[in-house]
Amino acid sequence: MTAVLLPWQAARAEAHRQGVRLTADLAASGPGFGSDPLRLDLAAAIGRTLVGDLVAPGDVPGHDGAAMDGWAVAGDGPWTLGAGIVAGAVPSTETLAAGHARPITTGAPVPPGTTAVVRSEDAAVDADGRLVRHTPSDRRHVRPAGEEVARHSTLFPAGTVLTPPRAALAAASGVDDVLVAPAPTARVAVLGDEIVGAGVPRPGQVRDVFTHTLPTVLRAFGADPVAAERVSDDADATARVLDGAQERIVVTTGGTAGSSTDHVRGALARIGAELLIDRVAVRPGRPMLLARRGATVYLCLPGNPMAAMVGAVLLGGPLVAGVLGRAPEPTGSVRLAVDVPNERPGDLVLAYRDTPGGAVPAAYQTSAMLRGLADADGLMVVGSGGRVAGEAVPPVRLPWTR
């Protein structure tokens, strides 16, 4: 494709498409190329992405069961009492005759012929040993077999993230293990001679804020970050780290603009990578790039902290989702509590806080600042010309605020 400056929505769609394409190409290459599904037990699969639809092997519940503690009854009362039934008991094959009742606990299988379960608080045993209802009710209080899940029905479609409640439902229906997509490996390379790893930077230096944070962001998206390193501002060093990476995703920071120390574009061309996205029409974050060579996609972000984080969130999430077979995350809307000007071309990305009156831009945010993002509830995108209080703008969720 011809690289063009893309609107942010189109850039997100393209990043997702390229993730899907990468996985499809690897799968077509045959086993051993990092796209083979993994079979994991439910505990190990939580947080992973399903490959293929997950079908229920059994009904939930697996039998007609009592929804309350009380008595299984047949016909109208008063009822003659029989033996009790507890949860875990083998379902009875003996039909409960009209005018009879059996004590029962929640979840226990009701015997054939049961017309209702009378709650323990709605009836009592009289002096003659018969069960007598004292509180009228039309509710049956019986959960029919398959009420929640029908056997052989689809629990969750392919591309679904297996959350703890979903894993619990799968277990309830009899699932023991599932096929999940392998987490794509990722590498982070932080470019820049001015970056130091510890202490208070001297004038002209800045602290490394990425090697310990971007891997966590990538992990939150579903990737498997295996390495993070700092690289000097050198054309050969930049090309060497890009060329030598074996991971599915390489994320770099710095070196994407046009100064004499910005070597990323030249390094990508030098190693034969195809440039897929060349800048996005947002600020901060405009000089972000997406490229691919073989089995590796390169997400190249600006060096300023806020700009890099914006790029990681805008494109990193859709890219990893595409690799994993997940659908793109939908974009909703948030209502502004204040006027937000934007007098320059292109979209303005702002960290915002939720308030009772709507979204309010956080303080302390420029491409070089992180303070506004540190306590933000999300990012919002304000189009050219700005928006006024009461209008809605699209938000982008931050992966660490799940």
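**Exercise 1. Decide whether Ala-245 is buried or exposed in this predicted model, and describe its surroundings.**

Solution.
- Step 1. Take the relative accessibility of Ala-245, which is 6%.
- Step 2. Apply the cut-off: buried means under 20%. Ala-245 therefore counts as buried.
- Step 3. Place the residue. Ala-245 sits in the loop between α5 (235-244) and β17.
- Step 4. List its contacts. Leaving out residues up to four places away in sequence, Ala-245 touches Arg-187, Val-250 and Thr-296.
- Step 5. Compare sequence with space. Ala-186 is 59 residues from Ala-245 along the chain, yet their C-alpha atoms are 9.2 Å apart.

**Exercise 2. Do the same for Ser-173: is this residue buried or exposed, and what does it touch?**

Solution.
- Step 1. The loop between α3 (164-172) and β12 (177-180) holds Ser-173.
- Step 2. Its relative accessibility is 4%, so Ser-173 counts as buried.
- Step 3. Not counting residues up to four places away in sequence, Ser-173 touches Ala-56, Pro-57, Gly-58, Val-60, Val-149 and Leu-155.

**Exercise 3. Work out the strand order of the 6-strand sheet and say which strands stand at its edges.**

Solution.
- Step 1. Read the order: β16-β13-β17-β21-β20-β18. The sheet is open and its pairing is mixed.
- Step 2. Find the edges. β16 (224-231) and β18 (274-278) each have a single partner strand, so one side of each lacks a neighbour in the sheet.
- Step 3. Add the twist, which averages 20 degrees from one strand to the next.
- Step 4. Check one pair. β18 runs antiparallel to β20 (residues 289-293), with 4 bridges between them. Ile-277 has Leu-290 of β20 as its bridge partner.
- Step 5. Add a helix. α4 (residues 214-221) packs on the sheet and touches β13 (185-191), β16 and β17 (249-253). The directions of α4 and β13 make about 155 degrees.

**Exercise 4. Test whether the length of helix α7 agrees or disagrees with 1.5 Å a residue, then describe its course and packing.**

Solution.
- Step 1. α7 covers residues 305-324, which is 20 residues.
- Step 2. The expected span is 1.5 Å times one less than the number of residues. For α7 that gives 28 Å.
- Step 3. The end C-alpha atoms are 27 Å apart, which agrees.
- Step 4. Look for a bend. Gly-316 marks a kink of about 35 degrees, shortly before Pro-318.
- Step 5. Look past the end. Gly-325, just after α7, has a positive phi of about 85 degrees.
- Step 6. Check cover and packing. In α7, 20 of its 20 residues are buried. The helix lies across β17, β18, β20 and β21 (296-301), at about 160 degrees to β21.

**Exercise 5. Identify the best-connected members of the largest nonpolar core and the element that gives the most to it.**

Solution.
- Step 1. The core has 49 residues. Those touching the most other members are Val-251, Val-280, Leu-290, Leu-314, Leu-315, Leu-373 and Leu-379.
- Step 2. α7 gives the most to this core, with 12 residues.
- Step 3. Follow one member. Leu-373 touches Met-306, Met-309, Ala-351, Leu-379, Leu-398 and Trp-400, again not counting residues up to four places away in sequence.
- Step 4. Look beyond it. A second, separate core has 18 residues, among them Leu-242, Ala-245, Ala-273 and Tyr-298.

**Exercise 6. How are β23 and β24 joined, and in which sense do they run?**

Solution.
- Step 1. A hairpin of 2 linking residues connects β23 to β24.
- Step 2. β23 (residues 347-355) and β24 (residues 358-361) run antiparallel, joined by 4 bridges.
- Step 3. Opposite Thr-355 stands Gly-358 in β24.

Note on methods:
Residues numbered from 1 in each chain as written. Predicted model: local features only at pLDDT ≥ 70, side-chain atom pairs only at ≥ 80, totals over all residues. Heavy atoms only, no water. Bend = angle between axes of the 7 residues up to and from the residue. Buried < 20%, exposed > 50% of the residue type's maximum accessible area, 1.4 Å probe, protein only. Pairing = 2+ DSSP bridges. Axes fitted to C-alpha atoms, helices over the stretch in contact; angles between N-to-C directions. Contact = heavy atoms within 4.5 Å. Core = buried A, V, L, I, M, F, W, Y, C linked by side-chain atoms within 4.5 Å.
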